[in-house]
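Trainee: Please take one part of this structure and explain it to me closely, giving the meaning of each term as it arises.

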Amino acid sequence: MSSHRIHADIVELLPAAALGILDRPELEPVLAHVRSCPECTRELQALRELVGSLALALATEPLEKDRAAHLRTRVMNRTRRRPALPRVSRAIIAAERWSGWMVAAGLATLLLSHHAVHEPLDYGWLTAAVLGVALVILGLYARLLRKRVIALMNILDEGAATCDESSRSLE
Amino acid sequence: MAAGDESALATLFTQWADRVNTVAFWMLQDHDEAEDVVEETFWQAWRNADQFDARRSSGSTWLMMIARSRALDRLRSQRRRTDWTASASTTSTLREQIAARSSGAPDSGGSKRSAELARALEELPPDQREVVELAFLGGFSHSEIAAKTSQPLGTVKTRIRLAMGKLRERLLSLREALDELP
C-alpha cells in the first residue's frame, strides 16, 4: 500500500482516535503513523482539543461538598503512599538507549586496534569479525531483554496500583 | 506537580474535580463509579505529570482526556461483565447537556464556547449527531456503532469524521471571534 494511501486511511481514523474509541489493533498503526507525520500530529491534537472542549461544555455535575472532601483525602493519601515517578530527561533516556551499542563499538574498536598492532593470531581478522558479529547479536539480545524488562515493570506497576485499590476497598 | 509538589495536586483537584466528575458521570450515569474515575484521574495526572507537554495540549484538555480514558475503561469493563448495550437514553442527551451548560453564564468565554458547540451539535444532520453522541458519551467503537445503528462500518467512520470536522470548524471560528474581542 502506498504511503499516500496509508496517510489517507489514517486521517479517516483520527477523529475516532481522538474520541478514544479505537480498539488496540486499530489504534497502534494510527499512533505509529502519527509519530512520523507532523500533519497528522497536528490534526490529532486539534481533534483532542475538540473532544476536551466537548467534555468541558457538558452541564456541570458538581460533587457534594463532603464527598469532594473525602475524595480529595483519598487522592492525597494515595499520592503519599506512592510518590510521583521521578522526572527522567530525554538526554538520559537517549544515553541509556545507546550506551550498550557504544560499549560494543568501543570493544570492537579495541579488538581491531589490538590486532592491527600486534597481530596475535593467524586468523586474527576473522576472529575479530566473529567477535564483532557476536557483539552485535549480544546487543540485539540485550535490547530484546530491555523491552521485556520494561513490559514486566509496567505489569508490576499496574499490579501495585490494583493492590492500592484493593487495600482502599478494604478500608 | 511534576516536581512532586502535593499542594499543586491539591489545587488542581479543587479547581477541576467537578469538571472531571461531570465527564465521568455523564458517561457512566453512576455517582459512585464517577467518583472512582475522579480519584483515578487525579492519581494518573499526579503520576504522569512529567509527560504533560503544554506545547501539545492545554492542561484542561489533558485532564479531560485522562478522565475520558478512565471512564471508557469502566464502560468497557461493565459491558464485558454484563453484555451491556447502552439504551438510547444514555447517549442521546449530549446536545441537551451542552445546551444546559451554555445557558448558565452568557458572558463567559467558556459559556460562549458551550453555546456555540450546542448550536453546532443542533445543526448536525441527525445521523451524524447520533454517531458522535454514541462515540463521545457511550464510548462505542466503530463496529459497535455500526451494529447499533444498522449502518455499514464505512458509513459510520465517514459520519464521525464529517461531524467532528464540522464541530472543529465551528470551534475554530469561535476561537478566532473570541481572540478578536477587545
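Mentor: A helix here is a DSSP run of H or I with at least four residues, a strand is a run of E with at least two, and both are numbered from the N terminus. This is a predicted model, in which local features need pLDDT of at least 70 and side-chain atom pairs count only at pLDDT 80 or more, while totals for chains, interfaces and linings use all residues. Residues are numbered from 1 along each chain as its sequence is written, and chains are lettered from A and ligands numbered from 1 in the order in which they are written.

The part to examine is the start of chain B. The loop between H1 and H2 of chain B contains B:Gln29. Its phi is near 60 degrees, a positive value in a residue other than glycine. B:Gln29 has 16 other C-beta atoms within 10 Å and is therefore partly exposed (20 or more would make a residue buried, 12 or fewer exposed, and partly exposed lies in between, with C-beta atoms placed from the backbone).

On either side of this loop, H1 (residues 6-28) and H2 (residues 31-47) of chain B pack with their axes 8 Å apart, at an angle of about 135 degrees. Axes are lines fitted to C-alpha atoms, for helices over the stretch in contact, and angles run from 0 to 180 degrees between N-to-C directions. H1(B) and H2(B) are therefore oblique to each other, a term for angles that are not under 35 degrees (roughly parallel), over 145 (roughly antiparallel) or 65 to 115 (roughly perpendicular).

Two residues are in contact if their C-beta atoms, placed from the backbone, lie within 7 Å. Between the two helices, the contact includes B:Leu9, B:Phe13 and B:Leu28 of H1(B) and B:His31, B:Val38 and B:Trp46 of H2(B). By class, its residues are 14 nonpolar, 3 polar and 2 charged. Nonpolar means Ala, Val, Leu, Ile, Met, Phe, Trp, Tyr, Cys and Pro, charged means Asp, Glu, Lys and Arg, and the others, Gly among them, are polar.

These helices also touch the other chain. In total, 53 residues of chain B are in contact with 40 residues of chain A. The elements of chain B giving two or more residues to this side include H1 and H2, and H1(B) gives the most, with 12 residues. The side of chain B that touches chain A has 26 nonpolar, 13 polar and 14 charged residues. As for chain A, it has 6 helices and 0 strands.
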